[in-house]
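Colleague: Walk me through the side-chain contacts in this one, please. Keep it brisk.

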Amino acid sequence: MSFQKEVKTDFPTAMPGQDYSLHPQAHTVKIAGAGGVTCGRFVWLADEDTVVATGAAGAAPYGLAELTHYESVLEYGQEASLFSPEGRPVSVCLKGEKFVISATAAVAGQEAFVDPATGEISVAGAAPGTRV
């Protein structure tokens with residue numbers, strides 16, 4: 001673990017996977033599957049109880065892994081992350097508005113897409129991947 005080099009005095013707008021609005025939402029809890037999942041990214045069903053970070057080509061994502069708490073410090077001195085390792089519970093948003101990080105710059109009127117092979121989110125007028 002490195003020594004702290006700076007101190008932030010203001011909070012970020014949001015973290016990936018946090019609520020954007022107070023509109024109605026639908027949630028469920030699943031278990032992180034092989035390879036784990038990252039909060040703020042889409043997940044796909046592996047089986048009835050398990051979600052994974054990537055899906056089959058053209059497969060629609062099951063939902064978005066929510067940031068409900070900070071995951072996971074597994075060892076003393078390890079830094080916190082948004083990653084939930086395999087076997088840990090994951091809150092999944094099935095319907096709602098969440099903050100995410102896009103690989104591309106967003107412009108009003110564009111649509112969001114996710115690449116099932118990588119789970120990467122992008123925005124465009126038309127892009128390869130599954131529309132979300």
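Colleague: Is Cys 39 buried or exposed?

Modeller: This is a predicted model. The relative accessibility of Cys 39 is 6%. The cut-off for burial is under 20%, so Cys 39 counts as buried.

Colleague: And Cys 93, buried or exposed? How many disulfides are there?

Modeller: Cys 93 has 4% relative accessibility and counts as buried. A disulfide needs two cysteine sulfur atoms within 2.5 Å. By that rule the count of disulfides is 0.

Colleague: How many salt bridges are there?

Modeller: The rule asks for a side-chain nitrogen of Lys or Arg within 4 Å of a carboxyl oxygen of Asp or Glu. Lys 98 and Asp 19 meet it, with closest N and O atoms 2.1 Å apart. Lys 98 also bridges to Glu 66, at 2.6 Å from N to O. The count of salt bridges is 2.

Colleague: How many residues apart are Lys 98 and Asp 19?

Modeller: Lys 98 sits in the loop between β7 and β8. Asp 19 is in the segment before β1. Their pairing links distant parts of the chain, and the separation is 79 residues.

Colleague: What does the bridge from Lys 98 to Glu 66 tie together?

Modeller: The bridge spans 2.6 Å, N to O. Glu 66 lies in the loop between β5 (63-65) and β6 (83-84), and Lys 98 in the loop between β7 and β8, so the pair ties together parts that are 32 residues apart in sequence.

Colleague: Which residues do the shared salt bridges join into one network?

Modeller: Lys 98 is buried, at 15% relative accessible area. Glu 66 is buried too, at 5%, whereas Asp 19 is partly exposed at 44%. Salt bridges with shared partners join Asp 19, Glu 66 and Lys 98.

Colleague: Which aromatic pair turns up in a search of the whole structure?

Modeller: The search finds 1 aromatic pair. Its ring centres are 5.3 Å apart, with 70° between the planes. Planes over 60 degrees apart count as edge-to-face, so the label fits Tyr 20 and Phe 99.

Colleague: Why does that pair tie together separate parts of the chain?

Modeller: Tyr 20 lies in the segment before β1 (26-32). Phe 99 is in the loop between β7 (89-95) and β8 (111-114). The pair therefore ties together parts whose separation in sequence is 79 residues.

Colleague: Which class of exposure does Phe 99 fall in?

Modeller: Its partner Tyr 20 is exposed, at 56% relative accessible area. Phe 99 has 25%. That makes Phe 99 partly exposed.

Conventions: Residues numbered from 1 in each chain as written. Predicted model: local features only at pLDDT ≥ 70, side-chain atom pairs only at ≥ 80, totals over all residues. Heavy atoms only, no water. Phe/Tyr/Trp six-rings, centres within 6.5 Å; stacked < 30°, edge-to-face > 60°. Helix = DSSP H or I, 4+ residues; strand = E, 2+ residues; numbered from the N terminus. Buried < 20%, exposed > 50% of the residue type's maximum accessible area, 1.4 Å probe, protein only.
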